[in-house]
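Student: I am new to this structure and would appreciate a guided reading of it. May we proceed by question and answer?

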Amino acid sequence: MSGEGLATEIDLPSWFLFGKRLGEYSLDALLLYGKERIDMLLEFSQRRTLEALNSMSGKFNNLVGLVALILAASATNDMYFISWLLEIEGDLFTALFNKLDLGKKVAVLRYILGELLVGIEVVSQKLGMSTESLLPEIQSILPKLTEKRQAMDFLIPMSRFLAAARFSRAYRLIKSSRAIAVRGWVIAPLEEFFRLSKSHYQDMLSEKIQMLSEKIKKDPEFQSYKAFGEELISYWRKKMIVQKPVVRRDLVTTEDRLWERIDTFPPCLRILYDRFISTGYLPHIERLQLGLLLKALGMPLEEQLKLWYRAVDNVGLTWEQFLKKGGYYIRHLYGLEGSRKDYRPPKCETIITRYFCPFVKTNFTELKELIRGMNPAISSSELDKIHEEIISREPRKACARLLASIIKNPNLKISTINHPIQFSRIVYKHSRVRTNESKGKSSENLQENVPQRYKP
Ligand code: SF4
């Protein structure tokens with residue numbers, strides 16, 4: 001296959017936003033398209049088999065909807081929405097890109113990287129080097145690329161699918177020693193450039209959001225764009241909250257398996273868990289927090305692996321492929337890989353400064369709905385007290401107020417939560433006491449009986 005013959009004239013796929021003219025739309029029309037795109041992205045995040053993707057295929061071409069989401073992100077600069085959008089669109093891109101034939105993959109990559117030479121003859125001609133002098137250079141990166149495969153077996157097909165891109169667009173491959181740099185070009189097997197496509201695509205979306213943001217700030221219609229963006233993002237927020245966790249049949253609740261007792265989770269854990277179950281997506285740092293807290297509540301490794309297999313970035317992976325890719329990091333959390341350290345769950349102070357505590361990171365209007373989801377019986381005055389603690393920048397006291405509203409037990413003398421696991425264990429203990437009381441047994445002092453496995 002010659003490099004020149006590879007797909008230079010093949011159209012970009014219909015789901016690919018860039019390189020297309022989409023015409024003009026009113027904000028009302030954009031709102032409708034944007035909502036459709038949000039619905040599609042949430043559906044995509046919940047379904048990850050190839051069959052499910054095939055059945056959704058027509059919905060991926062709603063590019064006006066994607067433009068609407070970009071406009072909403074630009075007009076509001078809502079960082080949480082932007083981060084969700086980039087991550088989920090990146091995952092969708094990967095799932096769709098992986099299904100393309102070779103010619104279309106090259107066409108997309110050429111658009112993303114600007115220039116892409118494919119085939120050893122094309123590369124050597126452009127660089128003014130003979131193929132004989134190029135091959136030994138490539139051999140230097142073979143050990144990294146081939147792992148256990150025979151180097152020469154790999155070299156022959158690789159020379160056919162050898163590719164080169166400008167250094168400024170593909171230097172990341174050099175940093176990870178998966179390519180060589182020659183005369184301003186990065187040379188590697190085509191497959192390596194495929195791996196770069198998602199992060200470049202996300203960068204392109206991010207740049208588009210930033211550029212548009214700068215542009216519309218100066219537009220006399222800026223307030224209309226902002227109102228449009230806020231309406232669309234509010235629709236997205238409601239959808240994220242409304243989506244109920246999928247209850248798996250194998251997660252049968254029993255008395256002493258706290259990781260299955262979602263009703264005992266502290267707000268930080270509950271919100272992250274619900275978000276992940278409903279969207280399949282969490283930023284990296286929040287994944288770590290969720291994984292460590294579930295482990296601390298006793299979730300076995302096998303269950304944790306099953307949970308993370310749901311992530312949208314594992315779309316299209318078989319269970320075995322997932323175990324090789326993401327499974328390593330999860331086993332790492334359990335001290336079974338790398339430094340074999342048994343990582344402890346972070347306490348509230350650490351979560352508040354470095355991870356996700358909703359009493360710090362979530363605006364109160366949204367938080368109120370989330371709290372009501374955890375405690376539908378909460379009164380307005382209890383909500384007001386929580387709000388006051390948040391305004392006073394006392395997230396751990398706000399959390400204790402929420403706990404008190406759930407427990408409703410005057411014997412509980414806790415004014416500050418120190419550790420998420422402490423929260424779970426108190427709620428769990430309380431539920432057991434209530435059950436015992438309803439069976440006629442005596443009440444217990446909740447504070448004294450909280451198991452201290454993770455003493456704050
Ligand atoms: Fe979680 Fe602690 Fe924040 Fe409560 S105060 S939500 S337990 S981090």
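**A guided reading**

Tutor: Helix α13 is largely enclosed by the rest of the structure, because 13 of its 13 residues are buried. Buried means under 20% relative accessible area, exposed means over 50%, and partly exposed lies in between (1.4 Å probe, protein chains only). Helices are DSSP runs of H or I with at least four residues, numbered from the N terminus. This is a predicted model, in which local features need pLDDT of at least 70 and side-chain atom pairs count only at pLDDT 80 or more, whereas totals for chains, interfaces and linings use all residues. Residues are numbered from 1 along each chain as its sequence is written, and side-chain values use heavy atoms, with hydrogens and water left out.

Student: How far apart are the end C-alpha atoms of helix α13 (residues 267-279)?

Tutor: The expected span of a helix is 1.5 Å times one less than its number of residues. For the 13 residues of α13 this gives 18 Å, and the distance between its end C-alpha atoms agrees, being 18 Å.

Student: Which helix gives the largest share of the largest nonpolar core?

Tutor: A nonpolar core is a set of buried Ala, Val, Leu, Ile, Met, Phe, Trp, Tyr and Cys residues joined through side-chain atoms within 4.5 Å. The largest one has 67 residues, and Phe-44, Phe-81, Trp-84, Leu-116 and Phe-193 have the most contacts inside it. Its largest share, 11 residues, comes from residues 79-98, which form helix α4.

Student: In which helix does the salt-bridge partner of Asp-91 lie?

Tutor: A salt bridge is a side-chain nitrogen of Lys or Arg within 4 Å of a carboxyl oxygen of Asp or Glu. Asp-91 meets Lys-198 in such a bridge, at 2.7 Å from N to O. Asp-91 counts as buried, at 3% relative accessibility. The pair links distant parts of the chain, 107 residues apart, with Asp-91 in helix α4 and Lys-198 in helix α11 (residues 190-217).

Student: How many residues apart in sequence are the parts that Glu-43 and Lys-59 tie together?

Tutor: The closest N and O atoms of this salt bridge are 2.8 Å apart. Glu-43 lies in helix α1 (residues 27-46) and Lys-59 in the loop between α2 (50-55) and α3 (63-76), so the parts tied together are separated in sequence by 16 residues.

Student: Is Glu-303, which meets Lys-306 in a salt bridge, buried or exposed?

Tutor: Both residues lie in helix α15 (residues 301-308), 3 residues apart, about one turn of the helix. Lys-306 is partly exposed, at 30%. With a relative accessible area of 12%, Glu-303 is buried.

Definitions and conventions
Helix = DSSP H or I, 4+ residues; strand = E, 2+ residues; numbered from the N terminus.
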